[in-house]
Amino acid sequence: MLIRRSNCARALLLSANNAIRMAAAASPPLFTSHLPRCYRFKPSHQNPASSSSAPFSSLSFKPNNRSKPPVTAALLEIGGVKIAKDDVVRESDPTNNVPDNIFSKIGLQLHRRDNHPLGILKNAIYDYFDTNYSSKFVKFDDLCPIVSVQQNFDEVLVPADHVSRSYNDTYYVNANTVLRCHTSAHQAEIFREGHSYFLVTGDVYRRDSIDATHYPVFHQMEGVRVFSPDEWEGSGTDATSYAAMDLKKCLEGLARHLFGAVEMRWVDTYFPFTNPSFELEIYFQEKWMEVLGCGVTEQEILRKNGRNDCVAWAFGLGLERLAMVLFDIPDIRLFWSTDHRFTSQFSEGKLGVKFKPFSKFPPCYKDISFWISDSFTENNLCEIVRGIAGDLAEEVKLIDNFTNKKGMTSHCYRIAYRSTERSLTDEEINDLQWNVREAVQTKLHVTLR
């Protein structure tokens, strides 16, 4: 296991003045590509230009006496790097939009727990690569999630005007530093260290919607293999075709290892960092399901990192997406549960044990309607709801919208409150909804109806 002690420290020492200057110069996104969950940067449904340059530090909701603040460690250590809360959550920095509830997830590293569904799945994938590649793949699963904008976007060729760079989609520590959106943020550095076979697993962070399959912190695994000219010369095919064939053979074997003898199909797609790019889908439980995204690494990435004359493939997958299917886990919030009725159901090495629901507490629905402002985005609304209700918020759904004769647009959202572990009281839910209404009006500059 290689430990990078410099990544976080280098990212955290960036100049605040330079961060503010760069934030002001941020460009609006030009396009949104359809990226699978393992690589996807979820686009805003509103005009991202209005949110890409605006600071959102004011959206980090601070609870009043009707809310319980999250309990967070004052000092974390990840990969040999010590991280204080003040390094990540900075109320005084207008370029910072990391709330307390997101900081509370840093360092939990569910993927490193051998008895957790995510750890069980990670180890099953490790077993496949160890068996089929004689343990050639070096494994990284303790890399610091605080990375530079250059690592997260520039080094994997994400366009300067891509929507994923906006403050509406990404958690910024300052304008030069982010919580990684994908494990690809470490790819270039590992290339420069000379590795040709590697797997990177870690927690990743994205501002996102609230429902059963989306959460602002989830876990990814990325795999990369590099080929030298002597490996494809004499094969009768060019380097790119050789790498693509090897990639598909490898990942079809991985799919069979995880899901058994399933029907598969390859779908051509687009990613900024691979060309050609593919999605692998399997026919599972009577429907086609996307498993991962992959492709042949762009030559520019290899050249810039000292891998001249080489070709490589890369894949990325979301651990939660696959674990929900393999273990029959219906709600992504459950992965974070510490309830013994959940954690006791899973054991090291036992992939695919079906989760047995231990409660069926009813949801409580509360609606909120308001006239939106030009700067309104749904992600900002969800950040406020999560900051107040935490994991008691099951879903936030737009149920109605209209524009009146004066050109004013109204949105009505239905918030579902439900605990996975206990029944909620009317008083508790009413307090949560009151706080949401209060914060939405003051933080998002909307007019309640």
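Colleague: What counts as a disulfide here, and how many does a search of the whole structure find?

Modeller: A disulfide is a pair of cysteine sulfur atoms within 2.5 Å. This is a predicted model, in which local features need pLDDT of at least 70 and side-chain atom pairs count only at pLDDT 80 or more, while totals for chains, interfaces and linings use all residues. Residues are numbered from 1 along each chain as its sequence is written, and side-chain values use heavy atoms, with hydrogens and water left out. Across the whole structure, the number of disulfides found is 0.

Colleague: Why does Cys 250 have no bond to the closest cysteine sulfur, and in which residue is that sulfur?

Modeller: Cys 250 is buried, at a relative accessible area of 2%; buried means under 20%, exposed over 50% and partly exposed in between (1.4 Å probe, protein chains only). The two sulfurs are 9.4 Å apart, too far for a bond, and the closest one to that of Cys 250 belongs to Cys 294.

Colleague: Which helix gives the most residues to the largest nonpolar core?

Modeller: A nonpolar core is a set of buried Ala, Val, Leu, Ile, Met, Phe, Trp, Tyr and Cys residues joined through side-chain atoms within 4.5 Å. The largest has 74 residues, of which Val 88, Phe 129, Leu 179 and Phe 259 touch the most other members. Helices (H or I, at least four residues) and strands (E, at least two) are DSSP runs, numbered from the N terminus. With 10 residues, the main contributor to this core is helix α10.

Colleague: Which strands stand at the edges of the open sheet of 4 strands?

Modeller: The order is β14-β15-β13-β16, with antiparallel pairing; two strands pair if DSSP finds at least two bridges between them. Strands β13 and β15 are joined over 8 bridges, and Lys 366 stands opposite Ile 415 in β15. Each edge strand has a single partner, so one side of it lacks a neighbour in the sheet; these strands are β14 and β16.

Colleague: With which side chain does that of Asn 305 make a polar contact?

Modeller: Asn 305 lies in the loop between α11 and β12 and is buried, with a relative accessible area of 8%. A polar contact is a pair of N or O atoms within 3.5 Å; within protein, one must be able to donate a hydrogen and the other to accept it, and residues adjacent in sequence count only if both atoms are side-chain atoms. At 2.6 Å, the partner of the Asn 305 side chain is that of Arg 192.
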